[in-house]
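Here are my notes on the two-chain model you passed along. Have the structure open while you go through them, and take the points in any order after the opening one.

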Amino acid sequence: MRRAFATRFAAAVIITATAAGCTASATTGPSGNSGSSSTGQGRDLTDAEQVVVERAEGLLTKKCMASRGFSYWVGPIASVDERKTAVYVLDDLAWVRKHGYGGRLVRAAERAGNPNFAYSNAFPREDRVRYTRALEGMPSDTVSVELPRGGTVEGPAGGCRAEAQGELYGDHETWFRVSTITENLAPLFLPDLMKDKRFVHALASWSSCMRKKGHDYRSPEHLRLELARSTDAMSDGKAHAVEVELATAEAVCAGEDASGLAATARDLEHEYRAKKLGPYADTIATHQRLSLAALARAEDITGAAS
Amino acid sequence: MRKLTATLATLTLAGLGALVPAASVQAAPTANCDDNYEEAKSGYMYAYRLSYCESYLGSSKEWDENWGNSSRSFQGDDDNRATSIVNKTGKYVAFYRLKDYKGGHICIASGKKYVSSLKSDDVFSNGETADNRISSHKKLASDTCSKFMD
């Protein structure tokens, strides 16, 4: 699944921070997903469209699993709001005042759990094996793709989930290849972006703004790491109140009237993607084309199902 | 790729089945990981002390910030002992060189069912080999890893 470019940016920042010896938890915040395109004539799906596609994939998987004698529940599928919890820095004041860093949404999703897990885990060993094969194919039936910066990512080539993706995207193997590569392009440009003086300056300005508000953090990812530690033992209500206070400060400091960090990060990502990802233009274009085709099919599927 | 190579080996053996006695055909060494994966509980990650998913170390459906303490799924001498991994979480799982998710990291992708043996080229992002050096783990969003188990 391809997320907004801002999401990718957040992810890659985590990569950089971790590689540098820091630690980081999941970044949160509105994705600002506008269906932007870094190359070509296509576009990425919005978060709302992505929800429709994932629901359709679930419905196709459910139909397939039923044909093999198993129940299957569509979901859990992250809501649009839950998907807004993955950008580098927050700047949507209305959203953060309501959701903070989205922790309450995440905790609610965790409490709800995955009914498919509960269902299959209740099976005796032999039936669990049959269920796994129906959903994912035989263990040796895999598809793999080399990542741009090295390493291999592997996935099931058979089973109901792969069949559902094949029906939705037209070609499962091609979809697996282009989606995996597209999701792993950030390491190709992020290290240079984070050394860019414009980014360094905006980040320092954001940090200074936060300090003046009584919150001493080097960066948004530093804040999130400390937040996760400090709220771990808190009640849901208390954790949410802490989140809202910090997230609001973060968003104010990231805005145009303060550091401008959010806009700077978005502009630089657009610039660096255009500059660095030329060799992957075809892959990105194919990803966008397959995604939009899947959306059209998904709208039919979910419309028929509702 | 390790698993496709194993598949090819299996197919080759099957093709030769008419020529050699069945008893001489040995299962691929990864067959145990295949079995363990299929029998594993959904949502869980399993770690093993030895290659080919032998010698069960522990399993976790959440996270463990310290494999060497006395809390959560991995405890005491589980620290720095894992050599093979089964991943049925449906998520990316990041493993760290040190406790509290510090040191370098290396991930197993959501679609990768297992790593039958951590090898010399399976190194953390800080350059250290991962075999017998995992000290903490947690699930991650799909695209937050820079280094993957091969």
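1. Let's start with a glycine. Just after helix α2 of chain A, A:Gly69 takes a positive phi of about 90 degrees. Helices here are DSSP runs of H or I with at least four residues, strands are runs of E with at least two, and both are numbered from the N terminus. As for α2(A) itself, residues 47-67, its 21 residues at 1.5 Å a residue should span 30 Å, and the end C-alpha atoms are indeed 30 Å apart. The expected span is 1.5 Å times one less than the number of residues.

2. Some housekeeping before going on. This is a predicted model, where local features need pLDDT of at least 70 and side-chain atom pairs count only at pLDDT 80 or more, while totals for chains, interfaces and linings use all residues. Residues are numbered from 1 along each chain as its sequence is written, chains are lettered from A and ligands numbered from 1 in the order in which they are written, and side-chain values use heavy atoms, with hydrogens and water left out.

3. Chain A in outline: 15 helices and two strands. Of its 306 residues, 54% count as buried, meaning under 20% relative accessible area (exposed is over 50%, partly exposed in between; 1.4 Å probe, protein chains only). Among contacts in chain A with a separation of 6 or more, 74% come from residues 24 or more positions apart; a contact means heavy atoms within 4.5 Å.

4. The two strands of chain A are worth a look. β1(A), residues 142-146, and β2(A), residues 152-156, run antiparallel and are joined by five bridges. Pairing requires at least two DSSP bridges between the strands. A:Val145 sits opposite A:Val153 of β2(A). Five residues lie between the strands of this hairpin, where A:Gly150 has a positive phi near 95 degrees.

5. How much of helix α8 in chain A is covered? Mostly: eight of the 11 residues in 159-169 are buried. Among them are A:Cys160, A:Gln165, A:Leu168 and A:Tyr169. A:Gly170 follows α8(A), with a positive phi near 95 degrees.

6. Now chain B, with a caution about confidence. Its mean pLDDT is 80, and 78% of its residues reach 70 or more; pLDDT is the predictor's confidence in each residue, from 0 to 100. Among the elements of chain B, helix α1 (residues 2-15) has the lowest mean pLDDT, 28, and strand β1 (residues 44-48) the highest, 97. Over residues 1-26 of chain B, pLDDT stays under 50, and the model has 22 contacts beyond four places in sequence for that stretch. Where pLDDT is low, the predicted coordinates should not be read in detail.

7. One sheet of chain B is open and antiparallel, with four strands in the order β2-β1-β3-β6. β2(B) and β6(B) are the edge strands, each pairing on one side only. Helix α2 of chain B (residues 31-39) packs on this sheet and touches β1, β3 and β6 of chain B; its direction makes about 35 degrees with that of β3(B). Axes are lines fitted to C-alpha atoms, for helices over the stretch in contact, and angles run from 0 to 180 degrees between N-to-C directions. β1(B) and β2(B) are joined by four bridges, and B:Tyr48 has B:Tyr56 as its bridge partner in β2(B).

8. Another open antiparallel sheet in chain B has three strands, in the order β5-β4-β7. β5(B) and β7(B) each have a single partner strand, so one side of each is left without a neighbour in the sheet. Neighbouring strands are turned by 30 degrees against each other on average, direction ignored. β4(B), residues 92-98, pairs with β5(B) over five bridges, and B:Tyr96 stands opposite B:His105 in β5(B).

9. Two loop residues to click on. B:Asn66, between β2 and β3 of chain B, is buried at 14% relative accessible area. A polar atom of its side chain lies 2.8 Å from the backbone nitrogen of B:Gly68. B:Val123, in the loop between β6 and β7 of chain B, counts as buried at 18%. Leaving aside neighbours within four places in sequence, B:Val123 contacts residues including B:Ile106 and B:Lys147.

Note on methods: Polar contact = N/O pair within 3.5 Å; in protein donor to acceptor, adjacent residues only side chain to side chain.
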